[in-house]
Amino acid sequence: MTRSVLLASACLFACLGETGPAAAANVAVLMPGSSGIVPGDFLVRNESRFQGAGIRTIMTTSASSAAQAIAAETSQGRKIVIVGMSKGSVDVASALASGAKPSGAVFVSGIHSMVIATLGSPGVLPATLVVHHSQDACRRTPPSDASRFVAWSGGKARIQWINTTGQPSNNPCNAQGAHGFFKQDGPAVSAIISFVKSH
């Protein structure tokens, strides 16, 4: 067998491998909170932990870019989960409302009143995980709204309560207090990783 035939065969197997079952999961679009892609954001500061668990990540603050990434991945037969933190949850809802069809969605410390208003109907929701701290004191993300969203979803969403403890933040809506799990991110990260890998 000539060298050129060997190279062509290797390329064929590599290209087939890219769309095979092993490549069909473990991709996540990460949509940070209102401060954008900054080091302190929950998703930004934990991106390496998601990658270390074998999850390929796509970080964006644009709903249209997220929708395009989801379309590109699904066109290749890959599963992809979209994850939004705080204001990023509304960006996730915008992507879903525009027709994006990920295999799952995660709302972390979500602004659920705005998510409901943006979605309009639970019919556009994929399988959904809500990750929320039971003591979140941000007025835009009260735990009661997380519970109300799960009820509104009609069985499409389930909730993972986080109960880590720490010092309250001067700004209850930033990524240091309960809203950001007191930067004790382990339980929240583990819940998201498990969800991505199972969807």
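**Helix packing and the nonpolar cores**

Let me begin with one contact, in which Ala 63, Ala 66 and Ala 67 of helix α4 meet Asp 91, Ser 94 and Ala 95 of helix α5, where contact means heavy atoms within 4.5 Å. By class, four of the residues in this contact are nonpolar, one is polar and one is charged, and here Ala, Val, Leu, Ile, Met, Phe, Trp, Tyr, Cys and Pro count as nonpolar, Asp, Glu, Lys and Arg as charged, and the others, Gly among them, as polar.

Before going on, I should say that this is a predicted model, in which local features need pLDDT of at least 70 and side-chain atom pairs count only at pLDDT 80 or more, while totals for chains, interfaces and linings use all residues. Residues are numbered from 1 along each chain as its sequence is written, and side-chain values use heavy atoms, with hydrogens and water left out.

Returning to the two helices, α4 covers residues 63-75 and α5 covers residues 87-97, and they pack at an angle of about 55° with their axes 8 Å apart; helices here are DSSP runs (H or I, at least four residues), and strands are runs of E, at least two, numbered from the N terminus. Axes are lines fitted to C-alpha atoms, for helices over the stretch in contact, and angles run from 0 to 180 degrees between N-to-C directions. That angle makes α4 oblique to α5, given that angles under 35 degrees count as roughly parallel, over 145 as roughly antiparallel, 65 to 115 as roughly perpendicular and the rest as oblique.

How do α6 and α7 compare with those classes? Their axes come within 9 Å and cross at roughly 30°, and α6 and α7 are therefore roughly parallel to each other. Among the residues that make this contact are His 112, Ser 113 and Leu 119 of α6, and Asp 145, Phe 149 and Trp 152 of α7.

Asp 145, which lies in helix α7, is buried, with a relative accessible area of 16%, where buried means under 20%, exposed over 50% and partly exposed in between, using a 1.4 Å probe and protein chains only.

Finally, the largest nonpolar core has 26 residues, and those touching the most other members include Val 29, Leu 119 and Phe 149; such a core is a set of buried Ala, Val, Leu, Ile, Met, Phe, Trp, Tyr and Cys residues joined through side-chain atoms within 4.5 Å. Helix α4 gives the most to this core, with five residues.
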